[in-house]
Amino acid sequence: MICKHVIDLMPFLNDGSLAPKIEKEVMEHLAVCENCHSEYHKLNNMIKVVCETIMEQAPVPGSKYVEMVTRRIKKKKAERTTALWAVPAAAAILFAVFLGTYSMFLGNDGAGLMAGKKHTNHGQTSIVTNNPSSEVDLTYHSFTTYANVSLDDMLNSMDENEIEALIGSEER
Amino acid sequence: MSNFRKNMKAVIPLPDEKCLLKQEVEIVEDIELVRRFKKGNESAFTEIVNRYNKRLLNTAKVILNNEDDAMDLTQEAFVKAYFNMKGFREDSSLYTWLYRIVYNLCISHLRRKKIISFISFDHDDEVMEFHSSEPGPEKEYERKELRRSVIKAVDALPFKQRTVFTLKQIDGLTHGEIAEIMGITEGAVKASYFHAIRKLQCMLKNHGEQYDM
């Protein structure tokens, strides 16, 4: 093996990356070549000095290092717990708001009609309730329920008991 | 023997070196700690932090060249390890896994700061004390000069080469382990290490007589 090859392989001696046969050849060369042996010695010393310099500058974790890691872990756990609850909670609130709005809409329809009575005024029939808006609600509801029958026709054909029964069924 | 292996020998008493290799003992211990932690033993994690914080901190400092950032990122790495320990496969070593977390955090940090190509060491002469048995002023000056040159040379190494050199020489990791941590091939690790050595030799050739002790 020639000196150039030996010098190129020197950085990998004794670290297990050279094939045993190659490593043996290099070691045999170093044993007989003074120049290469000197180069190998210099290389090892240089690496030693570089490592010492790096190690001298190595930071020390300090006594509170573990405590700081633990604090971060606790903080992260708290954040995760918050995140775990925040999304379902927000979704639940939105759903509740939606349900509330929807039930109010449906509630007007039923509750307003509770006190409804048939009333005819100048040939125009309507339901008079405690809540003025119920009349509109009934119109809407009746229209949707009996789509092909006009409100006046329907109410005119009903007596008060039937209207009460209708309101009762709607409420249910 | 690298500092890493020396440390491991100091940390874990070996009952019989003929029976068990040092690394085997170390892996068994780490795996046992991981298992205990997975079963809910929090103190096992504290043991892991105590075992690896110094080495990870030093590696991060060499990569980042900033002690505060290294401190911050290694702590973050341990937090990540804590929450991802369940995903740790026991067929690989814990320290390789931890180094990989630190390395990836460092890379992300440097990319974010866009300083990956011009990191420099702290040139603090006062910190660079050379422990000498002959504290003559002339010798002391020479050694300080040597230290300054070494730092400058390491500083001038490209990021990958510096990382490979540190992981290999300071942490005592194998080429395979370094390749796993850095996400490159073993061939690339060897090439980076070879170039790192050549550059250091070239930059420190004027100090050949000084470090040829």
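This report walks through a predicted model with chains A and B, from overall make-up to single residues.

## Chain A

Chain A holds seven helices and two strands. Along the sequence, the pattern is α-α-α-α-β-β-α-α-α. The chain has 172 residues, and 14% of them count as buried. Take the contacts in chain A between residues at least 6 apart in sequence: 46% of these join residues at least 24 apart.

One loop residue in chain A deserves a look. N14(A) sits in the loop between helix 1 (3–9) and helix 2 (20–32) of chain A. Its phi is positive, about 65°, although N14(A) is not a glycine. N14(A) counts as exposed, because it has 10 C-beta neighbours inside 10 Å and the limit for exposed is 12 or fewer.

## Chain B

Chain B has ten helices and zero strands. From the N terminus on, its elements read α-α-α-α-α-α-α-α-α-α. Of its 213 residues, 36% count as buried. Among contacts in chain B with a separation of 6 or more, residues 24 or more positions apart account for 62%.

## Where the chains meet

How many residues of each chain take part in the contact between chain A and chain B? On chain A there are 25, and they touch 41 residues of chain B. Two helices of chain A, helix 3 (34–56) and helix 4 (65–111), each supply at least two residues of the side that touches chain B. Helix 3 of chain A gives the most, with eleven residues. By class, this side of chain A has 16 nonpolar, five polar and four charged residues.

V150(B) gives a local view of the contact between chains. This residue lies in helix 6 (residues 137–156) of chain B. Neighbours within four places in sequence aside, V150(B) is in contact with V49(A), V50(A), T53(A) and L204(B). V150(B) is buried, because 25 other C-beta atoms lie within 10 Å and 20 or more are enough. Its partner L204(B) is 54 residues away along the chain, yet the two C-alpha atoms are separated by 7.0 Å.

## Helix 3 of chain B

Helix 3 of chain B spans residues 42–64 and is kinked by about 45°. The kink is centred on Y52(B).

E47(B) is placed in helix 3 of chain B. Its status is partly exposed, because it has 18 C-beta neighbours inside 10 Å, a count between the limits of 12 for exposed and 20 for buried. E47(B) and D30(B) are 17 residues apart in sequence. In space, their C-alpha atoms are 9.5 Å apart.

N65(B) follows helix 3 of chain B. It lies in the loop between helix 3 and helix 4 (67–84) of chain B. Its phi is near 55°, a positive value in a residue other than glycine. Is N65(B) buried or exposed? N65(B) is buried, because 20 other C-beta atoms lie within 10 Å and the cut-off is 20 or more.

## The nonpolar core

In soluble globular proteins, nonpolar side chains tend to be buried together. Here, the largest nonpolar core has 54 residues. Those with the most contacts inside it are L56(B), A60(B), A77(B), L98(B), V102(B) and C106(B).

C106(B) shows how some of these contacts run. Leaving aside neighbours within four places in sequence, C106(B) is in contact with A60(B), I63(B), L64(B) and L73(B).

## Helices 7 and 9 of chain B

Helix 7 (residues 159–170) and helix 9 (residues 186–203) of chain B pack at an angle of about 95°, with axes 8 Å apart. Helix 7 of chain B is therefore roughly perpendicular to helix 9 of chain B, since angles of 65 to 115 degrees count as such.

Which residues of helix 7 of chain B meet helix 9 of chain B? They are K160(B), Q161(B), R162(B), V164(B), F165(B) and K168(B). Facing them in helix 9 of chain B are V189(B), S192(B), Y193(B), H195(B) and A196(B). The residues of this contact divide into five nonpolar, three polar and three charged.

Note on methods: Residues are numbered from 1 along each chain as its sequence is written. Chains are lettered from A and ligands numbered from 1 in the order in which they are written. This is a predicted model: local features need pLDDT of at least 70, side-chain atom pairs count only at pLDDT 80 or more; totals for chains, interfaces and linings use all residues. Axes are lines fitted to C-alpha atoms, for helices over the stretch in contact, and angles run from 0 to 180 degrees between N-to-C directions. Helices (H or I, at least four residues) and strands (E, at least two) are DSSP runs, numbered from the N terminus. Angles under 35 degrees count as roughly parallel, over 145 as roughly antiparallel, 65 to 115 as roughly perpendicular and the rest as oblique. Two residues are in contact if their C-beta atoms, placed from the backbone, lie within 7 Å. Ala, Val, Leu, Ile, Met, Phe, Trp, Tyr, Cys and Pro count as nonpolar, Asp, Glu, Lys and Arg as charged, and the others, Gly among them, as polar. The bend at a residue is the angle between axes fitted to the seven residues ending there and the seven starting there. A nonpolar core is a set of buried Ala, Val, Leu, Ile, Met, Phe, Trp, Tyr and Cys residues joined through C-beta atoms within 7 Å.
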